[in-house]
Amino acid sequence: MNTQAPVSSIMTKNLITANITDDLRHVNTLLKRNHIRHIPVVSGDKLVGIVSKSDILRLSFGDIYEGREQADDTIFDLLKLEQVMVSNPRTVQADDTIRTVAEIFASEEFHALPVMEGDKIAGIVSTTDVIKHMLGS
């Protein structure tokens with residue numbers, strides 16, 4: 001296990017992003033369809049936020065009560081993505097070490113970080129990615 005390797009070696013590169021203008025129904029569908037927990041939010045080429053499955057679930061009734069999907073749609077229609085996402089999220093650079101990322105996760109309250117190459121988003125790394133690396137998976 002090389003903790004000095006760059007985070008780019010373990011990040012997800014086939015990135016799924018949401019546009020700041022996307023509605024919450026679309027974001028919820030992206031999360032479910034792609035079996036992911038975090039989506040960077042962009043405006044054009046610029047990273048403006050990140051939204052998590054937990055952020056969406058806090059608004060949702062559908063996963064708790066059967067037949068409540070209509071209630072979710074009503075809530076999703078009332079709010080905009082920018083009201084739910086974390087704006088200006090903390091990021092790391094692609095050449096930052098895995099150790100640096102692990103230290104950030106150990107001291108912060110979030111579970112994914114957008115990975116940047118300069119000012120462009122290049123990927124995303126999660127606590128799961130770091131744990132799998134540490135376990136040699």
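**View 1. His-35, in the loop between α1 and β2.** In this predicted model, look for His-35 in the loop that links helix α1 to strand β2. Is His-35 buried or exposed? It's exposed, with a relative accessible area of 71%. The backbone here is worth a look too: phi of His-35 is near 50°, a positive value in a residue other than glycine. Most residues other than glycine have a negative phi.

**View 2. Asn-88, in the loop between β4 and β5.** Now move along to Asn-88, which sits in the loop between β4 and β5. Asn-88 isn't a glycine, yet its phi is positive, at about 45°. Asn-88 counts as exposed as well, at 66% relative accessibility.

**View 3. The sheet of 4 strands.** Here's an open sheet whose strands come in the order β1-β2-β3-β4, with mixed pairing. Which strands stand at the edges? They're β1 and β4 (86-87), and each has a single partner strand, so one side of each is left without a neighbour in the sheet. Start with β1 (residues 18-19): β1 and β2 pair in the parallel sense over 2 bridges, and Asn-19 stands opposite Val-42 in β2. At the other edge, β3 and β4 pair in the antiparallel sense, again over 2 bridges. There you'll find Ile-50 facing its opposite number, Val-86 in β4.

**View 4. The hairpin of β2 and β3.** Zoom in on strand β2 (residues 38-43) and you'll see that it's mostly covered, with 5 of its 6 residues buried. Its partner β3 (residues 46-52) pairs with β2 in the antiparallel sense over 6 bridges. To get your bearings, find Ile-39, which stands opposite Val-51 in β3. How many residues lie between the two strands of this hairpin? There are 2 residues between β2 and β3, and Gly-44 in the turn has a positive phi of about 65°.

**View 5. Helix α1 on the sheet.** Helix α1 (residues 24-34) lies across β1, β2 and β3. Against β2, helix α1 runs at about 140°.

**View 6. Ser-52 and its contacts.** Ser-52 belongs to strand β3. It's buried, with a relative accessible area of 11%; the cut-off for buried is under 20%. What does Ser-52 touch, leaving aside its neighbours within four places in sequence? Its contacts are Leu-31, Arg-37 and His-38.

**View 7. The largest pocket.** Two residues from the last view, Arg-37 and His-38, turn up again here: along with His-111, Ala-112 and Ser-126, they lie nearest the centre of the largest pocket. The lining of this pocket adds up to 32 residues, and the space inside comes to about 750 Å³. Plenty of elements chip in: α1, β2, β3, α2 (53-57), β6, β7 and α6 each supply at least two residues of the lining. Which element gives the largest share? That's α6, with 4 residues.

**View 8. The sheet of 3 strands.** Another open sheet has the strand order β5-β6-β7, with mixed pairing. Its edge strands are β5 and β7, and each pairs on one side only. Helix α5 packs on this sheet, touching β5, β6 and β7, and its direction makes about 145° with that of β6. Look between β6 and β7 and you'll find 6 bridges joining the two strands, which run antiparallel. One spot to pick out is Val-115, which stands opposite Gly-123 in β7.

**View 9. The two faces of helix α5.** Now take a closer look at α5 (residues 98-107). Which residues of this helix are buried? They're Ile-98, Val-101, Ile-104 and Phe-105. Why do these four sit on the same side of α5? They cover an arc of only 120° around the axis, which puts them on the same side of the helix. What covers the buried residues of α5 includes β5 (92-93), β6 (112-117), β7 (120-126) and α6 (127-135). Turn to the face of α5 pointing away from its buried side and you'll meet Ala-106 and Ser-107, both exposed.

Notes:
Residues are numbered from 1 along each chain as its sequence is written. This is a predicted model: local features need pLDDT of at least 70, side-chain atom pairs count only at pLDDT 80 or more; totals for chains, interfaces and linings use all residues. Side-chain values use heavy atoms; hydrogens and water are left out. Buried means under 20% relative accessible area, exposed over 50%, partly exposed in between (1.4 Å probe, protein chains only). The arc is that of the directions from the helix axis to the C-beta atoms. Contact means heavy atoms within 4.5 Å. Two strands pair if DSSP finds at least two bridges between them. Axes are lines fitted to C-alpha atoms, for helices over the stretch in contact, and angles run from 0 to 180 degrees between N-to-C directions. On a 1 Å grid over the protein atoms alone, a cavity is a set of points where a 1.4 Å probe fits but cannot get out, and a pocket is an open set with protein on both sides within 12 Å along at least five of seven lines; lining residues have an atom within 4 Å of a point. Grid points are joined across faces, edges and corners, and a volume is the space filled by probe spheres set on the points.
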